[in-house]
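This briefing collects computed features of one protein model for a reader working with its coordinates. Points are grouped by topic after a short lead.

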Amino acid sequence: MNLEEKKNLVIQLHEEGKTQREIAQVAHMSVRDISKIIRKLEGITEEKSLETQALDLFQQGKKPIEVAVALDLNALKTSKLYKDYLKLEGFHKLVSLYEEINDNLSLFLKLYYAIIQNNIKPSEIVNLVKNSNELASLKTEIQMKRKELYFIEEKIKHYRAQIMVNNYSGYL
């Protein structure tokens with residue numbers, strides 16, 4: 001099928017009420033190329049940039065995966081555009097935090113849920129961290145004291161044994 005035939009097929013399918021995704025499957029064309037043909041057919045001459053189209057779709061409530069499919073974008077580009085959208089919507093701190101914790105998101109969420117479940121106040125969090133450091137050193141100290149106690153107990157056993165030997169040798 002040449003380009004003109006594909007264009008006519010797109011127009012025909014569009015007039016039949018098919019979605020752009022359905023047209024893409026039948027015509028073996030990208031959604032973006034189909035969108036251009038339909039916009040030209042409908043007299044929309046102003047071409048929006050890919051970024052503007054993505055932002056518009058995000059604003060309509062579309063998920064990143066839906067935007068990627070609709071605009072034929074890869075995951076990396078879609079992710080960048082979604083972060084840009086969130087920043088523009090005022091979620092800059094959230095996006096920055098996500099970028100910072102990146103692979104540790106599950107750990108961060110576990111910590112967050114533990115704080116919520118235990119009704120820990122923000123002012124108490126710093127004390128908890130300080131106490132956790134002290135707790136680690138206390139555990140080490142307890143282990144050392146247990147070893148010392150074990151050696152003392154062994155010495156006591158040895159001295160008792162010597163006392164018993166001395167007492168017994170007195171009877172001979």
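D72 is partly exposed, because its relative accessible area is 46%, a value that lies between the 20% and 50% limits. This residue sits in the loop between α5 (64-71) and α6, and its phi is near 55°, which is a positive value in a residue other than glycine. The model is a predicted one. In secondary structure the protein has nine helices and zero strands, and the points below place D72 and several other residues within that arrangement.

**Overall form**

- The order of elements along the sequence is α-α-α-α-α-α-α-α-α.
- The radius of gyration of the protein is 36 Å, whereas a compact globule of 172 residues would have a value near 16 Å.
- Taken along the principal axes, the box filled by the C-alpha atoms is roughly 120 × 40 × 20 Å.
- Buried residues make up 18% of the 172 residues of the protein.
- Of the contacts between residues at least 6 apart in sequence, 32% join residues at least 24 apart.

**Surface and charge**

- The protein has an accessible surface of about 14,000 Å², and carbon and sulfur atoms account for 57% of it.
- There are 26 positive and 24 negative side chains in the protein, and the centres of these two sets lie 9 Å apart.

**Loop residues with positive phi**

- Most residues other than glycine have a negative phi.
- Besides D72, whose phi is near 55°, N102 has a positive phi, near 35°, and is likewise a residue other than glycine.
- N102 is placed in the loop between α7 (92-101) and α8.
- N102 has a relative accessible area of 42% and is therefore partly exposed.

**Contacts of R32**

- R32 belongs to helix α3 (residues 31-41).
- With a relative accessible area of 34%, R32 counts as partly exposed.
- When neighbours within four places in sequence are left aside, R32 is in contact with L50, A70, L71 and D72; the last of these is the residue in the loop between α5 and α6.
- From C-alpha to C-alpha, R32 and E5 are 17 Å apart in space, and they are 27 residues apart in sequence.

**Aromatic pairs**

- The count of aromatic pairs in the protein comes to five.
- One of them joins Y82 and Y85, whose ring centres are 6.2 Å apart and whose planes meet at 25°, so this pair is stacked; the angle falls under the limit of 30 degrees.
- Both Y82 and Y85 lie in helix α6 (residues 75-88), three residues apart, which is about one turn of the helix.
- Y82 is partly exposed because its relative accessibility is 29%, while Y85, at 15%, counts as buried.
- Another pair is formed by Y150 and F151: the ring centres are 5.7 Å apart and the planes are at 65°, so the pair is edge-to-face.
- Y150 has a relative accessible area of 45% and is partly exposed, whereas F151, with 54%, is exposed.
- F58 joins Y82 and Y85 in one aromatic cluster.

**I115 in helix α8**

- Helix α8 (residues 105-117) contains I115.
- I115 is buried, because its relative accessible area is 18%, and the limit for burial is under 20%.
- With neighbours within four places in sequence left aside, the contacts of I115 are I120 and I125.
- I115 and L88 are 27 residues apart in sequence, and their C-alpha atoms are 30 Å apart in space.

**K155 in helix α9**

- K155 is part of helix α9 (residues 122-169).
- The relative accessible area of K155 is 51%, so this residue counts as exposed; the limit for that class is over 50%.
- K155 and Q60 are 95 residues apart along the chain, and 79 Å separates their C-alpha atoms.

Note on methods
Residues are numbered from 1 along each chain as its sequence is written. This is a predicted model: local features need pLDDT of at least 70, side-chain atom pairs count only at pLDDT 80 or more; totals for chains, interfaces and linings use all residues. Side-chain values use heavy atoms; hydrogens and water are left out. Helices (H or I, at least four residues) and strands (E, at least two) are DSSP runs, numbered from the N terminus. The radius of gyration is taken over C-alpha atoms; the globule rule is 2.2 Å times the number of residues to the power 0.38. Buried means under 20% relative accessible area, exposed over 50%, partly exposed in between (1.4 Å probe, protein chains only). Contact means heavy atoms within 4.5 Å. Accessible areas come from the Shrake-Rupley method with a 1.4 Å probe; for residues, only the protein chains shown count as cover. Lys and Arg count as positive and Asp and Glu as negative; His and the chain ends are not counted. The place of a charge is taken as NZ of Lys, CZ of Arg, CG of Asp or CD of Glu. Rings of Phe, Tyr and Trp (its six-membered ring) pair if their centres lie within 6.5 Å; planes under 30 degrees apart count as stacked, over 60 as edge-to-face and the rest as tilted.
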